[in-house]
Amino acid sequence: MSNASIQTHYVTLDEYLAWEEKQEERYEFVDGVIRAMAGASYSHNTIVVNLTRRTANYLDGKPCYVLTTSQKVRSESNTSVFYPDIGIHCGKPVLGKGNTLFNTVAIFEILSPSTERYDRTKKFHHYQQIETLREYFLVYQDAARIEAYRRTETGWEVATYSVYVGLGAVLPLESVGISIPLTEIYENVELEELADQAEQEEE
């Protein structure tokens, strides 16, 4: 969920990692540019906590692990560095400079008005270069809706696309062999569609 750039000139990966290590806040690194992370809403944070807790529970006993916003990820062939809202990796973590993780298999981004276009386009393009990544999920925070992009055997060019809508839906994470009901993902989240329904019932 990157926001605006904070610089006017390009820096190297090593320069970014050395600088970012001393910062109290988190910053991403995209094509030589350092980008400040945008703030998050209450709903966003609640969804992250729900997804982290539920995913970790369903992964219990499996050699896969869920990591949240404090873990940097990138591909071994690309220097851009990101902090996904949630990432999953399997087996021993493959780490590079600055504690960046190379072997993520699934990534979740919680959409917001200020980051949605970026998450769908440029950020997704960079994520596709992570050699181990198999699934990319875009999670709405104001409605029970999750979009899933899944890499096929021939690559991301013909990735499959699925949409899971409504609190009765179940989200399959094919890369790690688990499924999570949307009721668990959106627990304690105020959804617009539910609020609208409640208003109609009161009338």
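Here is a short chat between a student and a tutor about the structure above.

Student: Before we start, what kind of model is this?

Tutor: Residues are numbered from 1 along each chain as its sequence is written, and side-chain values use heavy atoms, with hydrogens and water left out. Local features need pLDDT of at least 70, side-chain atom pairs count only at pLDDT 80 or more, and totals for chains, interfaces and linings use all residues, since this is a predicted model.

Student: How many helices and strands does the chain have?

Tutor: Both kinds are DSSP runs numbered from the N terminus: helices are H or I with at least four residues, and strands are E with at least two. Counted that way, the chain has 6 helices and 13 strands.

Student: What is the chain's radius of gyration, and how does that fit the globule rule?

Tutor: The radius is taken over C-alpha atoms, and the rule is 2.2 Å times the number of residues to the power 0.38. For 203 residues the rule gives 17 Å, and the chain comes close to that, so it is as compact as a globular protein of that length; its own radius of gyration is 17 Å.

Student: What share of the residues is buried?

Tutor: Buried means under 20% relative accessible area, exposed means over 50%, and partly exposed is in between (1.4 Å probe, protein chains only). Of the 203 residues in the chain, the buried share is 48%.

Student: Which residues of helix H1 are buried, and why do they line one face?

Tutor: H1 runs over residues 13–20, and its buried residues are Leu13, Tyr16, Leu17 and Glu20. Looking down the axis of H1, these buried residues fall within an arc of 95 degrees, so they line one face of the helix. That arc is the one spanned by the directions from the helix axis to the C-beta atoms. As a rule, an α-helix has 3.6 residues a turn, so residues three or four places apart point the same way.

Student: Which strands do the buried residues of H1 pack against?

Tutor: Contact here means heavy atoms within 4.5 Å. The partners are strand S2 (27–30), strand S3 (33–37) and strand S7 (100–101).

Student: Just after H1, is Glu21 buried or exposed?

Tutor: Glu21 is found in the loop between H1 and S2. Its C-alpha is 7.7 Å from that of Gly98, which is 77 residues away along the chain. With a relative accessible area of 68%, Glu21 is exposed.

Student: What about Ala36, is it buried or exposed?

Tutor: Ala36 is found in strand S3. Ala36 and Phe82 are 46 residues apart in sequence and 11 Å apart in space, C-alpha to C-alpha. At 19% relative accessibility, Ala36 counts as buried.

Student: What is the phi of Asp31?

Tutor: Most residues other than glycine have a negative phi. Asp31 lies in the loop between S2 and S3, and at 39% relative accessibility it counts as partly exposed. Although Asp31 is not a glycine, its phi is positive, at about 55 degrees.

Student: And where does Asn188 lie?

Tutor: Asn188 also isn't a glycine, yet it has a positive phi of about 65 degrees. Asn188 is exposed, with a relative accessible area of 63%. Its place is the loop between helix H5 (182–185) and helix H6 (192–202).

Student: Last one: which residues does Thr160 touch?

Tutor: Thr160 lies in strand S11 (residues 155–165) and is partly exposed, with a relative accessible area of 38%. Not counting residues up to four places away in sequence, Thr160 touches Ala148, Tyr149, Arg150 and Thr152.
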